[in-house]
Amino acid sequence: CGPCQLLKSKLLKEDLLDKVELINMEDNQEPFKKYDIKSVPRLVVETSDTLFEVIQGAEDIITRIKNEQ
């Protein structure tokens with residue numbers, strides 16, 4: 001989708017693309033069902049099978065990834 005492509009280009013520009021796994025919801029619905037994701041782009045930070053954090057919005061996603069480094 002357009003917002004996801006924009007996020008991907010921003011991740012490339014920030015040299016962060018290798019820090020995430022991009023999932024196309026048309027190819028793989030399971031993560032979207034598991035985390036009840038209704039809109040994209042979203043970042044899901046999974047820390048265990050039952051604990052996770054969901055972040056929406058390109059700038060918030062990039063900030064969260066940078067803070068993990």
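User: Let's start with P41. Which residues does P41 touch, not counting residues up to four places away in sequence?

Analyst: The general idea is to skip the chain neighbours and look for residues brought together by the fold. This is a predicted model, so keep that in mind throughout. Here, P41 touches P3, C4, L7, I55, Q56, G57 and I61. As for its place in the chain, P41 sits in the loop between α2 and β1.

User: Is P41 buried or exposed?

Analyst: For this you look at relative accessible area, and buried means under 20%. P41 has 11%, so it is buried. Not every part of the chain is a contact partner, of course: the C-alpha atoms of P41 and S9 are 13 Å apart, with their positions 32 residues apart along the chain.

User: What kind of peptide bond joins V40 and P41?

Analyst: You read that from the omega angle. For V40 and P41, omega is about 0°, and the bond is cis.

User: What about phi? Which residue in the loop between α1 and α2 has a positive phi although it is not a glycine?

Analyst: That would be D15, with a phi of about 60°. D15 belongs to the loop between α1 and α2, and it counts as exposed because its relative accessibility is 63%. There is another case in the loop between α2 and β1, namely D36. Its phi is near 55°, again positive in a residue other than glycine. D36 is partly exposed, at 48% relative accessible area.

User: Which side chain does K38 join in a polar contact?

Analyst: Here you check the distance between polar atoms of two side chains. K38 pairs with D36, at 2.5 Å. K38 is also in the loop between α2 and β1, and with a relative accessible area of 70% it is exposed.

User: Can a side chain pair with the backbone too? What lies 3.2 Å from a polar atom of the side chain of N28?

Analyst: The backbone nitrogen of E30 does. N28 itself is in the loop between α1 and α2, and its 33% relative accessibility makes it partly exposed. To place N28 against the end of the last helix listed here, take E68: their C-alpha atoms are 26 Å apart, and the two residues are 40 apart along the chain.

User: Now helices. Which residues of α3 are buried?

Analyst: They are A58, I61, I62, R64 and I65. Viewed down the axis of α3, these buried residues fall within an arc of 160°, so they line one face of the helix. The general idea is that an α-helix has 3.6 residues a turn, so residues three or four places apart point the same way.

User: What do the buried residues of α3 pack against?

Analyst: They pack against α1, β1 and β2, where β2 covers 52-56.

User: R64 is a charged residue. Is R64 buried or exposed?

Analyst: Buried: its relative accessibility is 18%. R64 is in helix α3. Leaving aside neighbours within four places in sequence, R64 is in contact with L43, V45, E53 and I55.

User: Which of these has a side chain joined to R64 by a polar contact?

Analyst: E53 does, at 2.8 Å. E53 is found in strand β2 and counts as partly exposed, with 34% relative accessibility. Using the same sequence filter, E53 is in contact with L43, V44, V45 and R64. Take L43 from that list: the C-alpha atoms of E53 and L43 are 8.0 Å apart, while the residues are 10 apart along the chain.

User: Last topic, pockets. What volume does the largest pocket have?

Analyst: About 890 Å³. To read a pocket, ask which residues line it. There are 31 here, and the closest to the centre are E21, L22, I23, R42 and L43.

User: Which helices and strands each supply at least two residues of the lining?

Analyst: They are α1 (2-13), α2 (30-34), β1 (42-46) and α3 (58-68).

User: And how many lining residues are nonpolar, polar and charged?

Analyst: Sorting the lining by class gives 19 nonpolar, three polar and nine charged residues.

Note on methods. Residues are numbered from 1 along each chain as its sequence is written. This is a predicted model: local features need pLDDT of at least 70, side-chain atom pairs count only at pLDDT 80 or more; totals for chains, interfaces and linings use all residues. Side-chain values use heavy atoms; hydrogens and water are left out. On a 1 Å grid over the protein atoms alone, a cavity is a set of points where a 1.4 Å probe fits but cannot get out, and a pocket is an open set with protein on both sides within 12 Å along at least five of seven lines; lining residues have an atom within 4 Å of a point. Grid points are joined across faces, edges and corners, and a volume is the space filled by probe spheres set on the points. Helices (H or I, at least four residues) and strands (E, at least two) are DSSP runs, numbered from the N terminus. Buried means under 20% relative accessible area, exposed over 50%, partly exposed in between (1.4 Å probe, protein chains only). A polar contact is a pair of N or O atoms within 3.5 Å; within protein, one must be able to donate a hydrogen and the other to accept it, and residues adjacent in sequence count only if both atoms are side-chain atoms. The arc is that of the directions from the helix axis to the C-beta atoms. Contact means heavy atoms within 4.5 Å.
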